[in-house]
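Below are some notes on the model, set out as numbered points. Confidence comes first, followed by a helix contact and a pocket.

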Amino acid sequence: AWLAPIGSTLFAPVLPHMIGHFSAVPNASLLAPLALVTPALFVALLAPLAGLLADRFGRRRVLLWALALYAAAGVAPFWIDNLYAIIVTRAVVGIAEAGVMTASTALICDYFSGSRRAHWLSVQFGSAALVATVCFVLAGLLGNYNWRAPFLVYGATALFIPLVLLIIFEPARAAATEKAARSPEASLRDLLSLRFVGSLVATLICGALFYITPVHISLVLNERGFSDPSMLGLASAIGSLGVVAGAAFFRFQAQRPVGVLLAGAMAAQAIGFVLLYTQPSLQGGIVGMFVNNAGCGISLPLVLAFT
């Protein structure tokens, strides 16, 4: 699960410098941020297919192949000097990330149930947010040397492959086998149920909201005169700690009604956006991102646990 924040944060602090490097490319100011969010788009589009592959070939196998693809495509932009080609490699990262995120979350849901599942989903997002914090700082420091340097960190994700081989086991999915034995009509009714469709819509919305501040915070602060990569990385890192706070809050309040928690999470995100819009200072931007991310830290594990 750590690979999702790595994918979206590693070069967010150097995004303004990437735009400057490709300033001769038409619409570079639009295409460069597109390269940042392309993985998230492909995760949203291909996660259902990744789920089918994980059911067909096994969670562990999908996870291993996706990790290898993620590492290879992630480091490629370090050597590429074509903005369109970089966007293509980012699409491949998104394809791999869809497999990683789907398989890892499915494994948690296979291994655990009830309150333990809610606990580990909150740990999943809370620890991922800590990794995002480290990546923001690391990207800012590396960005002072070269805006391409943060891409090299993607290669380190290959270190997860031996860990998966040693630790992760393919779970016995008795519940899945039981569902497969049901009639197609009954399975279709489950897929079209109001709860399931509503959960999908809520997950899509919460996932989209999650990526707004990590993608745009460096551009917003750069417009306000804060352009140093290390400063942008540190500001983004502090703001991303809000996800940790939100995930911790969800962990201890998971028994509350879903509607109450989701409404509170959305309210926190709205307040964060208002602060980001109205506060021109660096401190105001950090506080706005923190509050917004706290809402994201509640909403994402909430909708996954509810589903």
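1. This is a predicted model, and its confidence is uneven along the chain: helix H8, residues 174-180, has the lowest value, a mean pLDDT of 49, while H4 has the highest, at 93. Within the weak region, residues 174-179 have pLDDT below 50, and this stretch makes one contact in the model beyond near neighbours in sequence.

2. For the chain as a whole, the mean pLDDT is 82. A value of 70 or more is reached by 91% of the residues.

3. How are H3 and H4 packed? Helix H3 covers residues 28-57 and helix H4 covers residues 59-75; their axes lie 6 Å apart and form an angle of about 125°. H3 is therefore oblique to H4, as the angle falls outside 65 to 115 degrees and is not over 145.

4. On the H3 side, the contact is made by Leu53, Ala54, Asp55 and Phe57, and on the H4 side by Arg59, Arg61 and Val62. By class, four of these contact residues are nonpolar and three are charged, with no polar residue among them.

5. The second largest pocket has a volume of about 660 Å³. Its lining consists of 20 residues, and those nearest the centre of the pocket are Ala1, Ser104, Ile108, Phe160 and Ile168.

6. Which helices supply at least two residues each to the lining of this second largest pocket? They are H4, helix H5 (83-111), helix H6 (114-145) and helix H7 (160-167). H5 gives the largest share of the lining, with five residues.

7. What is the class make-up of the lining of the second largest pocket? There are 17 nonpolar residues and three polar ones, and no charged residues. H4 thus appears in two places in these notes: in the contact with H3 and in the lining of the second largest pocket.

Notes: Residues numbered from 1 in each chain as written. Predicted model: local features only at pLDDT ≥ 70, side-chain atom pairs only at ≥ 80, totals over all residues. Heavy atoms only, no water. Axes fitted to C-alpha atoms, helices over the stretch in contact; angles between N-to-C directions. Helix = DSSP H or I, 4+ residues; strand = E, 2+ residues; numbered from the N terminus. Parallel < 35°, antiparallel > 145°, perpendicular 65-115°, else oblique. Contact = heavy atoms within 4.5 Å. Nonpolar A, V, L, I, M, F, W, Y, C, P; charged D, E, K, R; others polar. 1 Å grid on protein atoms, 1.4 Å probe; cavity = no way out; pocket = protein on both sides within 12 Å on 5 of 7 lines; lining within 4 Å. Points joined across faces, edges and corners; volume = space filled by probe spheres on them. pLDDT = per-residue confidence, 0-100.
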